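Morning, everyone. Please take a look at today's structure before I start.

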Amino acid sequence: MSNDTRNVQAYRASLLHFHADPLLAENAHAWHEDGLLVVENDRVLAAGDYDKLAPTLPPGTGIVDYRGQIIMPGFIDTHLHFPQTDMIGSPAPDLLPWLENYTFPTERQFKDPVHARTVAEFFLDELLRNGTTTALVYCTVHKESVDAFFEASAARNLRMAGGKVLMDRNCPDFLQDTADLRDSEDLIRRWHNNGRAQYAITPRFAPTSTPAQLGAAGELARAFPTTYIQTHVSESRDECAWVKSLYPDRRSYLQVYEHYGLMRPRAMFGHCIWLDDVDFALLADTGAAISHCPTSNLFLGSGLFDVAKADSVHARVSLGTDVGAGTSFSMLQTMNEAYKVARLKGSYLPALRMFYLATLGAARSMQLEGTIGNFAAGTEADFIVLDPKATPLLARRTANGDSLEETLFALALLGDDRAIRATYAAGKRVHERAPS
């Protein structure tokens with residue numbers, strides 16, 4: 001077979017990826033100071049030391065030289081809202097008035113497919129500029145918003161998951177739908193596993209769904225067991241009190257979702273701040289996952305997520321930017337705030353653990369290990385090139401570091417979109433930072 005047919009490409013840099021959770025295993029990561037990532041068509045062929053792999057390359061294979069940079073799997077963002085792109089950084093004293101004053105009026109516009117596609121294009125480009133190659137995304141109640149999102153994603157050949165928001169009460173009339181989920185079923189049939197797209201059944205949160213709608217969502221989830229489920233839970237105290245008034249027979253906010261069949265592997269719950277020990281155990285036992293959204297939680301004053309408590313029961317944890325309540329598309333900035341939240345809760349997140357949570361940990365939370373999240377042979381070739389010298393301050397700090405942990409910690413605490421030198425999806429470069 002000719003090299004042209006095989007389409008092999010190699011990338012030389014320092015390589016970092018994970019095969020285990022650093023919390024649970026020593027040597028959970030692979031680090032190759034002078035490494036080579038070999039890609040065949042859209043998948044990883046090999047990753048390892050340059051000296052060992054370079055002689056095995058087919059004759060004539062091009063090598064892209066990124067020495068001095070770090071290549072790692074693309075970031076995975078497990079909770080954000082593409083329609084809220086244009087309202088990021090909007091002021092509000094709490095979650096519920098923020099929804100009323102900004103979110104709902106903004107989302108009204110997504111009935112217009114042209115507007116929806118315009119925002120989707122910008123949103124995806126912004127993710128790629130920040131090194132995020134996969135995300136679990138909320139659209140709006142409008143089918144048009146879902147089609148626009150997946151059409152823009154398919155044009156870039158990205159592995160993305162998303163879905164139509166479900167709301168049939170406690171929301172403006174212009175965003176209210178019903179417990180008839182035929183639109184969602186149609187969208188599942190159109191988009192789920194179509195190329196790299198995957199569908200997420202998406203009740204916004206328990207207060208905006210009637211029992212009938214949550215029950216219908218559970219039935220849909222059983223009918224399509226490989227879809228995702230995504231929603232919010234226990235984000236703010238006022239929200240928790242509201243749920244208790246609406247569902248007084250349920251033991252907890254989280255148990256509302258369990259009652260309606262919405263807790264299983266491939267279910268992702270955003271925030272999870274005001275959970276008790278029984279709730280955390282329920283998440284672990286059902287295989288559902290947590291998306292920790294620190295920039296959003298700090299911005300809205302919702303509370304501090306307890307990562308140590310989640311870890312104590314081996315619940316699956318990942319990181320979400322939660323744009324637009326979250327204040328940055330950058331997973332590096334999200335790590336920055338996650339570290340500080342952990343410190344305020346009396347625990348500590350090493351840099352290696354934070355990068356795990358944004359890559360393989362998120363892939364595991366989404367049941368996608370073996371597909372994305374590390375450089376195991378055969379995984380999809382979604383990867384980023386990190387520049388430890390992207391800013392003068394980063395360059396000065398990393399020049400004085402004497403370990404991988406220090407370099408990664410500096411990137412997490414001091415880095416942002418400028419630290420993303422390039423982003424690749426399915427083996428193709430989809431973003432390159434403009435020279436400064």
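I'll go from the whole chain, to its cores, to one residue.

First, a caution: this is a predicted model.

Start with the overall build. The protein chain has 17 helices and 16 strands. Its radius of gyration is 21 Å, and the globule rule gives 22 Å for 436 residues, so the chain is as compact as a globular protein of that length. Put a box around the C-alpha atoms, along the principal axes, and you get roughly 65 × 50 × 40 Å.

Now, how much is tucked away? Of the 436 residues, 62% count as buried. The accessible surface comes to about 16100 Å², and carbon and sulfur atoms own 49% of that.

What about charge? There are 41 positive and 53 negative side chains. The centres of those two sets lie 2 Å apart.

Next, the inside. In soluble globular proteins, nonpolar side chains tend to be buried together. Here, the largest nonpolar core holds 111 residues. F75, Y257, F269, L283 and F355 touch the most other members. Helix 4, residues 113-129, gives this core its largest share, seven residues. Another core, of 14 residues, lies apart from it. Y11, A13, V39 and A381 are among its members.

Last stop: T208. Where is T208 placed? In the loop between strand 9 (197-203) and helix 7 (211-223). Is T208 buried or exposed? Its relative accessibility is 1%, so T208 counts as buried. Which residues does T208 contact, leaving aside neighbours within four places in sequence? They are L166, M167, D168, R169, N170 and Q213.

Definitions and conventions
Residues numbered from 1 in each chain as written. Predicted model: local features only at pLDDT ≥ 70, side-chain atom pairs only at ≥ 80, totals over all residues. Heavy atoms only, no water. Helix = DSSP H or I, 4+ residues; strand = E, 2+ residues; numbered from the N terminus. Buried < 20%, exposed > 50% of the residue type's maximum accessible area, 1.4 Å probe, protein only. Contact = heavy atoms within 4.5 Å. Core = buried A, V, L, I, M, F, W, Y, C linked by side-chain atoms within 4.5 Å. Rg over C-alpha atoms; globule rule 2.2 N^0.38 Å. Areas by Shrake-Rupley, 256 points an atom, 1.4 Å probe, with all protein chains shown as cover. Lys, Arg positive; Asp, Glu negative; His and termini not counted. Charge placed at Lys NZ, Arg CZ, Asp CG, Glu CD.
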